[in-house]
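This report describes the arrangement of strands and helices in one protein chain, together with a few of its side-chain contacts. Please keep the sequence and the structure in view while reading.

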Amino acid sequence: MVTIAVTCELADEPRVAISPDTVKKFSALGARVRIEQGAGLRSRFSDEAYRTAGAEIVSRAEALAGADILLSVRRPSAEDIRALKPGAIVAGMIDPFGDRAGLEALAASGGTVFSMELMPRTTRAQSMDVLSSQANLAGYKAVVDGASMFGQALPLMMTPAGTVPAAKAFIMGVGVAGLQAIATARRLGAQVTATDVRPATKEQVQSLGAKFVAVEDDEFKQAQTAAGYAKPMSAEYQAKQAELIANHIKNQDIVITTALIPGRPAPKLISRAMIESMKPGSVIVDLAAERGGNTELTEAGRTVETPNGVKIFGPLNLAGTIAVNASSLYARNLLAFIETMIDKKEKTLAVNWDDELIKGTLVAKDGQLVHPNFATKTA
């Protein structure tokens, strides 16, 4: 029988890696699920709900002892991994691009560590794509929080007492978070524009009823990687795009920035001068704050108000602020991934090491970093 352990996350992480719904599904696969007492409370999953679904509620030490699999939200400690069965599977969002020394310590603990952020963007892996499931919620919450901070109505209102104009929302970066931000802002009645350096996003923006804003030159037409991410753009293109954005942003009420390139600091899209040109009361919500932010004035985890009255909100873990939804989706992502490693007939672990999803997400094995992006290079 495969034993799965889930423990409480740190104080700054309200999400949990398993839901009562996925406990039932793991149990149906023949797995034994041990959950640390209170692990789901911040996501409104009670111990009783887990117990009813088939899990054992135990202490942290009892959950980890000899387990075959540890499911986590954030990077677990090396000490926790050493408490598992030797070579046990660890799956979570381990932030492979951050804290290299911590990553090496994680590998040295002997666990078989999978980073869910590295899930290949293929049709088969859609149900396992944690970045998309969490970014979708973050995009929604960014607009809701931005609208609250804006303190004015968003939709056009025509009343006997006069007309309230629609608020103008500008979305920078049209990935999963950006698309959800566009959709949410539109639903709230804002007049929405959006920009991205990837040409494929133009049609997506327009399909949601928003206007696309970008410098559409020859470089723009080739600005997307095979994996669907934005390529770093030339200084010349960045200058032209910055001029366009500078003229556009000064009339916006709410700006949501979402631009991130894996493994790199967040690109600076909004300069101090652009912010100084914006109207008092305008709001910027910077979803890239954890990677340094998309504006020159973003402070991670804080709301900054500039002398000209612009608020810049740099949230950390915005998906975690709606932990019920975020945990439910994340738990389903993990279930879909772990399910591929379990022999449903024998009810044992049966990892196919040649599977593209396994190879794409495997970071550490047998005490070494093995992913080509992070393995130590030898001469």
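## Strand pairing and the basis of the model

Two strands pair if DSSP finds at least two bridges between them. The model is a predicted one. With that criterion in hand, strand 12 and strand 13 (residues 283–286) pair in the parallel sense, over four bridges, and within this pairing Ile254 stands opposite Val283 in strand 13, while Ile256 stands opposite Val285 in strand 13.

Strand 9 (residues 168–172) is likewise joined to strand 12 by four bridges, and these two strands run parallel. Here Phe170 has Val255 of strand 12 as its bridge partner. Strand 12 itself covers residues 254–257, with Ile254 and Ile256 pointing one way and Val255 and Thr257 the other way, and all of these residues are buried.

## The seven-stranded sheet

These strands belong to an open sheet of seven strands in the order 11-10-9-12-13-15-14, in which the pairing is mixed. Its edge strands are strand 11 (211–212) and strand 14 (303–305), each of which pairs on one side only. Helix 9 (residues 235–249) packs on this sheet, where it touches strand 9, strand 10 (191–195) and strand 12, and its direction makes about 160° with that of strand 9.

Strand 12 also takes part in a right-handed β-α-β unit, whose other members are helix 10 (residues 272–277) and strand 13. In the loop between strand 12 and helix 10 lies Leu269, which counts as partly exposed because its relative accessibility is 25% and the partly exposed class lies between under 20% (buried) and over 50% (exposed). Leaving aside residues up to four places away in sequence, Leu269 touches Met172, Ala259, Met274 and Asn294. The C-alpha atoms of Leu269 and Glu290 are separated by 15 Å, the two residues being 21 residues apart along the chain.

## Helices 6 and 7

Helix 6 (residues 130–150) has 21 residues, and from its first C-alpha to its last it reaches 30 Å, close to the 30 Å expected at 1.5 Å a residue. At the N-terminal end of helix 6, Asp129 acts as a cap, with a side-chain oxygen 3.2 Å from the backbone nitrogen of Leu131. Just after helix 6, Gly151 takes a positive phi of about 70°.

Helix 7 (residues 176–187) has 12 residues, which should span 16 Å at 1.5 Å a residue, and the 17 Å between its end C-alpha atoms agrees with this. Its buried residues include Ala177, Gln180, Ala181 and Thr184. In an α-helix there are 3.6 residues a turn, so residues three or four places apart point the same way. The buried residues of helix 7 pack against helix 6, strand 9, strand 10, helix 8 (201–207) and strand 12. Just after helix 7, Gly189 takes a positive phi of about 95°.

## The surroundings of Asp217

Is Asp217, found in the loop between strand 11 and helix 9, buried or exposed? Asp217 is buried, because its relative accessible area is 18% and the buried class takes in values under 20%.

The side chain of Asp217 has a polar atom that lies 3.0 Å from the backbone nitrogen of Phe220, and a polar contact of 2.7 Å joins the side chains of Asp217 and Lys240. When residues up to four places away in sequence are not counted, Asp217 touches Tyr237 and Lys240.

## The eight-stranded sheet

A further open sheet has eight strands in the order 3-2-1-4-5-6-18-19, with mixed pairing. The edge strands are strand 3 (56–58) and strand 19 (368–369), and each pairs on one side only. Within this order, strand 1 (residues 3–6) and strand 4 (residues 69–71) pair in the parallel sense over three bridges, and Ala5 stands opposite Leu70 in strand 4. Helix 11 (residues 323–338) lies across strand 4, strand 5 (89–92) and strand 6 (112–115), and runs at about 145° to strand 5.

Note on methods
Residues numbered from 1 in each chain as written. Predicted model: local features only at pLDDT ≥ 70, side-chain atom pairs only at ≥ 80, totals over all residues. Heavy atoms only, no water. Buried < 20%, exposed > 50% of the residue type's maximum accessible area, 1.4 Å probe, protein only. Right-handed = clockwise from strand over helix to strand, strands pointing away. Expected span 1.5 Å × (residues − 1). Polar contact = N/O pair within 3.5 Å; in protein donor to acceptor, adjacent residues only side chain to side chain. Contact = heavy atoms within 4.5 Å. Axes fitted to C-alpha atoms, helices over the stretch in contact; angles between N-to-C directions.
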